[in-house]
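User: Please take a close look at one strand of this model and its pairing partners. After that, add what can be said about a helix and a surface patch elsewhere in the chain.

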Amino acid sequence: MLAAMSRQLSRIMRPDDANIAGNVHGGTILKMIEEAGAIISTRHCNSQAGEPCVAALARVERTDFLSPMCIGEVANVSAEITYTSRHSVEVQVNVMSENILTGAKKVTNKATLWYVPLSLKNVNKVVEVPPIQYARKEQEDEGKKRYEEQKLDRLETKQRNGDVILPVINPEPHTVGYSQSSLIHLVGPSDCTLLGFVHGGVTMKLMDEVAGIVAARHCKTNIVTASVDAINFHEKIKKGCVITVSGRMTFTSNKSMEIEVFVDADPFVDEPRERYRAVSAFFTYVSLSKEGRPLPVPQLLTETEDEKRRFEEGKGRYLQTKAKRQAQMQQAAQQ
């Protein structure tokens, strides 16, 4: 890739970035990842003469949190454009933590993000993306395959997005109703891009916060984000909207919890419109002891047929991810 196609951000982690155990919130890292992706995508989309635009986040592929980051460490976020279609940009982002006292470094996150460029003159218009040069033809072919796969998955996710979370009276511990949580947020100017729509990173940070509350309520221990399945941004959220971020537990294994999170937007200011589903994702959390060692997770007690169905679906995703990880480890061992 060309040097102009890469970008790096660095920031020291402060106490307000972390939980009470000193582990940096997954949402803080996700926000930094999105900022790096938005900068490089917007810069690239305006690199040729044409209509001025801003890159808007459309999707984040599965993101694994490989190692926790702590207060006082420096997060180095590097982003690189790896594929462009006519109307979208794929960005690969790596996050490395650095202990500035010892110089020790480790990779903490790897993520893939998809952006679409929206015109500054007409926010509903998607402008064309300047093509990039590939070192090999195979890179373009592989990128096109990833583009088609994410496009299909986004469509399927949007079609099954009709669920709502209802309050439960006097729920029993370790049930879905006991830990489910919601957060209400009024979208202000500081949350938004130049176009007046919410930054994807702001939304992801709120989603991680709600997912963390659900996990903590279920375990009553220190919890950290282990991974995030694909985050799909179905519709833009405008300044002045009130958003409701809702989370519920869907599946537990012996040492992990899957939490479904979705964001609903209520437009109040400019346009009279009914509430709509804007974003959806699955977060995976693990429970840790005070020494940072994994702890067993209490089994989720499912009560309704819908909860049992969601548990089986979550189990399927868990087993699929586990099988994929084992295959990758075997492949790495053979190299």
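Analyst: Cys53 has Ser119 of strand E6 as its bridge partner. The model is a predicted one, and the pairing described here is read from its coordinates. Strand E2 runs over residues 53-60, and strand E6 covers residues 105-119. These two strands pair in the antiparallel sense, with seven bridges between them. E2 has a further antiparallel pairing, with strand E9 (residues 231-233), over two bridges. In that pairing Arg59 stands opposite Asn232 of E9. Seven of the eight residues of E2 are buried, and the strand is thus described as mostly covered. As a general point, side chains in a regular strand alternate between the two faces of the sheet.

The loop between strand E5 (89-98) and E6 contains Ile100. Together with Ile12 and Leu101, Ile100 makes a nonpolar surface patch of about 340 Å².

The helix is H4, residues 200-219. Its 20 residues should span 28 Å at 1.5 Å a residue, because the expected span is 1.5 Å times one less than the number of residues. The end C-alpha atoms of H4 are 29 Å apart, which agrees with that expectation. H4 is also mostly covered, with 15 of its 20 residues buried. Lys220 follows the helix and has a positive phi, near 60°.

Note on methods. Residues numbered from 1 in each chain as written. Predicted model: local features only at pLDDT ≥ 70, side-chain atom pairs only at ≥ 80, totals over all residues. Heavy atoms only, no water. Buried < 20%, exposed > 50% of the residue type's maximum accessible area, 1.4 Å probe, protein only. Helix = DSSP H or I, 4+ residues; strand = E, 2+ residues; numbered from the N terminus. Pairing = 2+ DSSP bridges. Patch = residues over 30% accessible without salt bridge, like charges linked within 9 Å, V, L, I, M, F, W, Y side chains within 5 Å. Areas by Shrake-Rupley, 256 points an atom, 1.4 Å probe, with all protein chains shown as cover. Salt bridge = Lys/Arg side-chain N within 4 Å of Asp/Glu carboxyl O.
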